[in-house]
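Here is a friendly walk through the model on your screen. Keep the viewer open and follow along as we go.

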Number of protein chains: 2
Amino acid sequence: MHLVVVGGSDAGISAALRARELDDRVEITVMVADDYPNFSICGIPYYVAGEVADWRDLAHRTRSDIEGLGIGIRTGTSAEEIDVAGHRVTGVDRDGGTVELGYDRLVIATGACPVRPGIDGLAHLGPAEGVHLLHTMTDAHRVMDAVTGRDPGSAVIVGAGYIGLEMAEALTARGIAVTQMEALPQVLPTLDPELAGRVAEKLEERGVKVRTSTVVTGIRSSGGRLTVEAAGAENGAGHQGASEESADLVLVVTGVRPESGVAGRAGIGVTRNGAIRVDRRMGTGAPDVFAAGDCAVTHHVLVGETYLPLGTTAHKQGRIAGENAVGGDRRFAGSLGTQVVKVFDLVAGRTGLRDQESVAAGFHPRTVGSAGDDHKAYYPGAERVEVRMTGEVTSGRLLGTQMVGRISTGVHKRIDTAAAAIFAGLTVDQVSDLDLSYTPPLGSPWDVLQTAAQGWTSAVAGVGGAGGTR
Amino acid sequence: MHLVVVGGSDAGISAALRARELDDRVEITVMVADDYPNFSICGIPYYVAGEVADWRDLAHRTRSDIEGLGIGIRTGTSAEEIDVAGHRVTGVDRDGGTVELGYDRLVIATGACPVRPGIDGLAHLGPAEGVHLLHTMTDAHRVMDAVTGRDPGSAVIVGAGYIGLEMAEALTARGIAVTQMEALPQVLPTLDPELAGRVAEKLEERGVKVRTSTVVTGIRSSGGRLTVEAAGAENGAGHQGASEESADLVLVVTGVRPESGVAGRAGIGVTRNGAIRVDRRMGTGAPDVFAAGDCAVTHHVLVGETYLPLGTTAHKQGRIAGENAVGGDRRFAGSLGTQVVKVFDLVAGRTGLRDQESVAAGFHPRTVGSAGDDHKAYYPGAERVEVRMTGEVTSGRLLGTQMVGRISTGVHKRIDTAAAAIFAGLTVDQVSDLDLSYTPPLGSPWDVLQTAAQGWTSAVAGVGGAGGTR
């Protein structure tokens, strides 16, 4: 029995490890396009910032850790073709040589690749000119070479999603003056503007120039210097207010799309957006072929099939694909799109659905904002946590929670309590019933999540649930 | 309609506030035995430590905040008699005067009082000699007078539960040499010894002398100095190893018992241990009489009726009693005994049941210990979190979770995720399925709670679930 895994990032390695854990006789080969199996690409901003001194530390496990478990790794080998009927994968190694691997079971975990937006000049510019996409360890090395070797004084970051914000912090830590440009009217578009505004304030406080509703239209390179051309976001009358910003470095981080070419060419089903279709067992429909991670669709607990590339999901889906590939029968329980980001000393998190996402999914939501201290105000260091809670008016079900607070407030773990509640199908009212922990230096008798729940109930019922017994 | 509340701590004030919130016409009177309505007695250790400068700050709300809502407060008035048939409460004020209040609905929230263990001499010693119990604000003032006025160099704390540990930290912060004596073989007896051992290590590291399996048998006062007599815990052959320890200050903090005399005298049902019997609506069975908080029994989600005095529960039960007293119909969802304590820079938490508690409740548990980093090791500041997870072998249901880690690890909020999972009836396996948040500075793709769940499943099944894809 030979299990072949195509892709050596979170999903692929998770699949290989789980298969090995459950079956010590299966032969396992992981085909990895680059030289960095099992690297934590989520850690790249912290390497660029200098907080992680050695890029090798970003490996979840070393290559020899994995090989020591009897898992074969072929780096520098891109999968080019899958012969589904013949159960063979053909790859090309760095020297152009052909690698053919027969398989009994196949896990496709080819991940995602960065979106390259339609910016004039971008196609002809690259690291040599100081223009970078950022997704792989190879990209990270190039950015790091630029940061340490070229001594850039200024940078434009195109995009203000999770990675864009983390890179704004990283480059600021390097003493680089950062301008962040985002086409949408707010940073962190996955959060409601009320909370995303706190993140924008934090960026500005730390010297990042934030330009929202700003569409980058072109990048020019001249005399070692880059010029970023931008326009106001379209307002029905076309773009307004063209402007230019010069910079030594430009990072384009505007999201990713599934890397599913090899699957599509093999006749394996993909969505219109290119994500490999999988069932809850991570089966693709093609015999003995599984897919997992950023290359595949995501089952969302509240929405059903969607595309939501996240490291946590990749780990989970990979683990299931690996288990089922060696004869298991485990189903992916589903994502809630739980995400958290640290921006300087601020943390923003979300889980489940926001208002408009809930409407799109067929719910009848109401979203209520509230705020409270992370712990009793009399104990030093109490900090405000802002919460937006979304529930379904008809059923009372908790649909989503968003939070912003400083690191010390534990927003990152408080959002997990909400994630557990949504996962379990609890109502907003039941959140108020939860027996959560309390000690004055670290909490309140009613957690801020519970006063948010009471506030929601009160707002929806039009009668007191609003934290009267806080 | 007149609602009378007997007791002005967490449960009583919560009841009054909730009643007011739902009904702006009801007349509400709160009878308070001391002068400190709505004080956070959980905050006393931080006042003694000096971290809270002014004791007035320990009030959840000021008296005028509460009175401003149209809630009458009679301080210094002890409830002495309840005439259930006549719907009257008789109290005695500080001057010995009788206060009679007729009620339409009554909420008894008389709280708990400290256990006074059978220690020779204790009955005749008090604050004048430097011997203190610690439960009320009055007690807090006396301890504070002793700490600031007498300049004690040494203290013996009898008891190593939550308050005992917090006071060990507080007195250490005051430069007092603390010896902590505990009759049981470990500190923090509500935690498994494997984790409580970490707390004992922390105490010793900070200079607290920890003496477990040590029964205090007597206290003598002579020449302004106290002598604490102790013996080894009984080992079948009687007490062993008598010893003496001299100290300037002795704190006796060995737990509390329900303060239910007035209820018992009125014929309201109490348990053998003195807790007022209530149903899930907080009704006592006596017409129009509710009870809530530390004076009443606690419905536990997994155990049913028990006694578990906690501030969080008092807030919840009080809120429900207040709601139902004005015509509502809400049920107490139940406690999980979720608790957390900060001991210097360490935090220990628990929720649900431990192994032996699960057996006693009729479950077939297995408890598995594990450990992991709070966030990715490559990002600075990663710290180990130790977890013990208890699940039912037959059903797979999560029954309990215990954790110890440094403050920065967010143990206090991680335990809440487990509490939500237990509350919702999730299995251990489903904990591994939860979509929890991740960013390298604050978490891991698999949270330590999830690797603990995988470890449990692996240990119980005897096959790989043990975090192979961490």
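Let us begin with Met282(A), which is found in the loop between helix H7 (261-265) and strand E18 (289-291) of chain A. Helices (H or I, at least four residues) and strands (E, at least two) are DSSP runs, numbered from the N terminus. This is a predicted model, in which local features need pLDDT of at least 70 and side-chain atom pairs count only at pLDDT 80 or more, while totals for chains, interfaces and linings use all residues. Residues are numbered from 1 along each chain as its sequence is written, chains are lettered from A and ligands numbered from 1 in the order in which they are written, and side-chain values use heavy atoms, with hydrogens and water left out.

**Two unusual backbone angles**

Met282(A) is not a glycine, yet it has a positive phi of about 70°. Most residues other than glycine have a negative phi. Met282(A) is also buried, with a relative accessible area of 1%. Here buried means under 20% relative accessible area, exposed over 50%, and partly exposed in between (1.4 Å probe, protein chains only).

Ser213(A), another non-glycine residue, has a positive phi of about 50°. You will find Ser213(A) in the loop between strand E12 (209-211) and strand E13 (214-222) of chain A. Ser213(A) is partly exposed, at a relative accessible area of 28%. Thr214(A), in strand E13 of chain A, counts as buried at 7% relative accessibility. Leaving aside neighbours within four places in sequence, Thr214(A) has contacts (heavy atoms within 4.5 Å) that include Met181(A), Glu182(A) and Ala230(A).

**A buried glutamine**

Gln402(A) sits in strand E25 (residues 398-406) of chain A and is buried, at 2% relative accessibility. A polar atom of the Gln402(A) side chain lies 2.7 Å from the backbone nitrogen of Asp192(A). Not counting residues up to four places away in sequence, Gln402(A) touches several residues, among them Leu191(A), Asp192(A), Arg350(A), Arg354(A) and Arg388(A).

**Salt bridges**

How many salt bridges does a search of the whole structure find over all chains? The total is 70, where a salt bridge is a side-chain nitrogen of Lys or Arg within 4 Å of a carboxyl oxygen of Asp or Glu. Here are some examples.

| Pair | Closest N to O distance |
|---|---|
| Arg277(A) and Glu305(A) | 2.9 Å |
| Arg331(A) and Asp329(A) | 3.0 Å |
| Arg56(B) and Asp54(B) | 2.9 Å |
| Lys413(A) and Asp447(B) | 2.8 Å |

Arg277(A) lies in the loop between H7 and E18 of chain A and Glu305(A) in strand E20 (residues 304-306) of chain A, so their salt bridge ties together parts that are 28 residues apart in sequence. Arg277(A) is partly exposed at 40% relative accessible area, and Glu305(A) is partly exposed at 46%. In the next pair, Arg331(A) counts as partly exposed at 46% relative accessibility, whereas Asp329(A) counts as exposed at 52%. Salt bridges that share partners also join Asp192(A), Glu194(A), Arg350(A), Arg354(A), Glu357(A) and Arg388(A) into one network.

**Where the two chains meet**

Now zoom out to the interface. In chain A, 73 residues are in contact with 73 residues of chain B. Together the chains bury about 6,600 Å², of which 58% is on carbon and sulfur atoms; buried area is the accessible area (1.4 Å probe) that two parts lose on being put together, summed over both. Tyr378(A), Lys413(A) and Asp435(A) supply 12% of the area that chain A buries against chain B, more than any other three residues.

There are six salt bridges between chain A and chain B. Which element gives the largest share of the side of chain A that touches chain B? That is H10(A), with nine residues.

**Symmetry**

Chain A superposes on chain B by a rotation of 180° with 0.0 Å of shift along its axis (RMSD 0.0 Å). The two copies are thus related as by a two-fold rotation axis; they are superposed by least squares on the C-alpha atoms of residues with pLDDT of at least 70 in both. The same surface serves both copies, as 100% of the contact residues of chain A recur in chain B. Among the residues of chain A, Thr417(A) comes closest to the rotation axis, with its C-alpha at 2.2 Å.

Notes: A polar contact is a pair of N or O atoms within 3.5 Å; within protein, one must be able to donate a hydrogen and the other to accept it, and residues adjacent in sequence count only if both atoms are side-chain atoms.
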